[in-house]
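Please look over the sequence and the model shown here before reading on. The report is meant to be read beside them, with the residue numbers at hand.

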Amino acid sequence: MPMDWADLGVDLHLELDTTGGRRAGLERALRDAIRDGRLPPATRLPATRTLATELGLSRGTVSAAYDQLVAEGWLVARIGAGTQVSTLPGAVPPPAAPPPGPPGFRYDLRPGSPDVGLFPVTAWLRATRRALAVAPAEAYGYGDPRGRPELRRALAGYLGRARGVLADPERIVVTTGYVQALVLLTGVLRDAGTPALAMEDPGLAFHREVVRRHGGTVLPLPVDGLGARTDLLGAGPLARVGAAVVTPAHQFPTGVTLHPARRHALAEWARAGGGLVIEDDYDGEFRYDRQPVGAVQGTAPEQVAYVGTAAKTLGPALRLAWLVLPARLVEPVVEAKRHLDLHSETIGQLALAELIDGHGYDRQIRTVRRRYRQRRDLLLERLGPRSALDGVAAGLHATIHLRPDGPGEAAVLAAAAARGLAVSGLAPHRHDPESGPPGLVVGYAHPPAHAYPAAVDLLAGVLHDLNA
């Protein structure tokens, strides 16, 4: 017997099981509600006459139930105050302790996040209003696992002119962020019997863990001053690799752009052996010394699964990314997406499509590129003369190489943390943390504009004091 107490001033739904009698059923339902915390201490219960009317019980049954729970200590009856839930030590489980968080830092120069304060709120609201004004009714129902056709068409045009990607809307799948795209591809490769993936070394450790958790095997693909060693694919330890995950435009974390000869070797390896290139173009729009380098996908569309994202250009909160797939992978990935979450949310897709079609997305990229270039320039000005900086031609982060005979990566990180500065080391990004020279990975997009100069000065002071 369900009952909603909202009209009585108590937001609670009771389901009475009267198998053992009506009074016992009411007592049991009230105990459960108090024990679960749905009726917190000091909550005033309805008068017996009111509750009896609402539940279709006699007033005597409700009074007897109240009296029993008062006797047991679950309720307390006070003259003039009615019947209330008592405070029972241990009746309601204490809330779980929050997971330990990072130390309290004044400044954060870790990579991976844009300046979310640059999100184009006004343009996004305008695009959302325009998109919803013309959206068909079916847009609010369950949709195509590939994503809304409006966004796939807009992305096909944008990616072709801005990133050199050969994108057919029918081969685009909208995903809930880059990680989901990686999960989908890992699963499809695993099911096809090719679970071994080469992943850049160094590279993002979290992405390696994503692949492993979804049945993939990870093998290190070394990175040097020319980018990923794609010339090693297909031989030696990498002979059994079926796919290679790479960041050609701006390698993470070293910042190097993949050399043309290495790009050619990558495409040739995939063509010759039927391998798959997974191209992570996470910040390809941000190039400061010349036009952004085009995607590898444009030279080998049937060998490359291209992954782009709005996380850096707009913000991670949107959870919008996209796959441009070779023909042979479209159906397997669509089926995997269907069984993972059916389809990505729709409203954001419609808004992004409108933003792209109205050229607001291009304006946003130009705006944030200019802001990030200014930050990059300040980093070079404050650190460049005394630090070995790499990867500064593009992207949202730079790498600082520490002296091998210096205090060491851990010592620099500890000194920075002691002064309230968060920065990332190179070691955690390596497949073997002990396998390479020390360094720092400095993200210059995340701190808000007013805090950024002080954060860079603090880092410069740490490096100077340690002579790193």
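The sections below describe the sheets, the pockets and a few individual residues of this predicted model.

## The eight-stranded sheet

One of the sheets is an open arrangement of 8 strands with mixed pairing, and its strands follow the order 6-13-12-11-10-7-8-9. Strand 6 (172–175) and strand 9 (227–228) take the edge positions, and because each has a single partner strand, one side of each is left without a neighbour in the sheet.

Within this sheet, strand 11 (residues 276–280) is paired with strand 12 (residues 304–309) in the parallel sense, over 4 bridges. A reader who wishes to find this pairing in the model can start from V277, whose bridge partner in strand 12 is V304. Helix 9 (residues 327–341) lies across strand 6, strand 11 and strand 13 (321–324), and it runs at about 25° to strand 6.

## The four-stranded sheet

A further open sheet is formed by 4 strands in the order 14-15-18-17, with antiparallel pairing. Here the edges are held by strand 14 (388–390) and strand 17 (424–425); each has a single partner strand, so one side of each is left without a neighbour in the sheet.

Strand 14 pairs with strand 15 in the antiparallel sense over 3 bridges, and D390 has T399 of strand 15 as its bridge partner. Helix 11 (residues 360–383) lies across strand 14, strand 15 and strand 18 (439–443), with a direction at about 160° to that of strand 14.

## The largest pocket

The largest pocket holds about 640 Å³ of space. Its lining is made up of 31 residues, and those closest to the pocket centre are Y178, L204, H207, D280 and K312. Sorted by class, the lining of this pocket comprises 14 nonpolar, 10 polar and 7 charged residues.

Several elements contribute at least two residues each to this lining, namely helix 6 (177–191), strand 7 (196–201), helix 7 (205–213) and strand 10 (243–246). Strand 7 and strand 10 are also members of the sheet of 8 strands, where they stand next to each other in the strand order.

## The second largest pocket

For the second largest pocket the volume is about 260 Å³. There are 17 residues in its lining, and V223, D224, G225, T254 and H401 lie nearest its centre. Two or more lining residues come from each of strand 8 (217–224) and strand 15 (397–401).

These two strands come from the two sheets described above, since strand 8 is listed in the order of the 8-stranded sheet and strand 15 in the order of the 4-stranded one. The lining of the second largest pocket is divided by class into 5 nonpolar, 8 polar and 4 charged residues.## A buried tyrosine in helix 3

Y66 belongs to helix 3 (residues 59–72). Is this residue, Y66, buried or exposed? Its relative accessibility is 4%, and Y66 therefore counts as buried, the cut-off for that class being under 20%.

When neighbours within four places in sequence are set aside, Y66 is in contact with L30, L45, P46, T48, L51, L75 and T83. As a further point of reference for the reader, the C-alpha atoms of Y66 and I79 are separated by 14 Å, and these two residues are 13 residues apart along the chain.

## Backbone features in the loops

Two cis peptide bonds can be located in the model by their prolines. One joins D201 and P202, with omega at about 10°, and P202 lies in the loop between strand 7 and helix 7. Another joins F252 and P253, where omega is likewise about 10°, and P253 is placed in the loop between strand 10 and helix 8 (260–273).

Positive phi values are found at L342 and H359, neither of which is a glycine. For L342 the angle is about 70°, and the residue sits in the loop between helix 9 and helix 10 (347–357); with a relative accessible area of 31%, L342 is partly exposed. For H359 phi is near 65°, and H359 is located in the loop between helix 10 and helix 11. H359 is likewise partly exposed, its relative accessible area being 45%.

Note on methods. Residues are numbered from 1 along each chain as its sequence is written. This is a predicted model: local features need pLDDT of at least 70, side-chain atom pairs count only at pLDDT 80 or more; totals for chains, interfaces and linings use all residues. Side-chain values use heavy atoms; hydrogens and water are left out. On a 1 Å grid over the protein atoms alone, a cavity is a set of points where a 1.4 Å probe fits but cannot get out, and a pocket is an open set with protein on both sides within 12 Å along at least five of seven lines; lining residues have an atom within 4 Å of a point. Grid points are joined across faces, edges and corners, and a volume is the space filled by probe spheres set on the points. Ala, Val, Leu, Ile, Met, Phe, Trp, Tyr, Cys and Pro count as nonpolar, Asp, Glu, Lys and Arg as charged, and the others, Gly among them, as polar. Two strands pair if DSSP finds at least two bridges between them. Contact means heavy atoms within 4.5 Å. Axes are lines fitted to C-alpha atoms, for helices over the stretch in contact, and angles run from 0 to 180 degrees between N-to-C directions. Buried means under 20% relative accessible area, exposed over 50%, partly exposed in between (1.4 Å probe, protein chains only).
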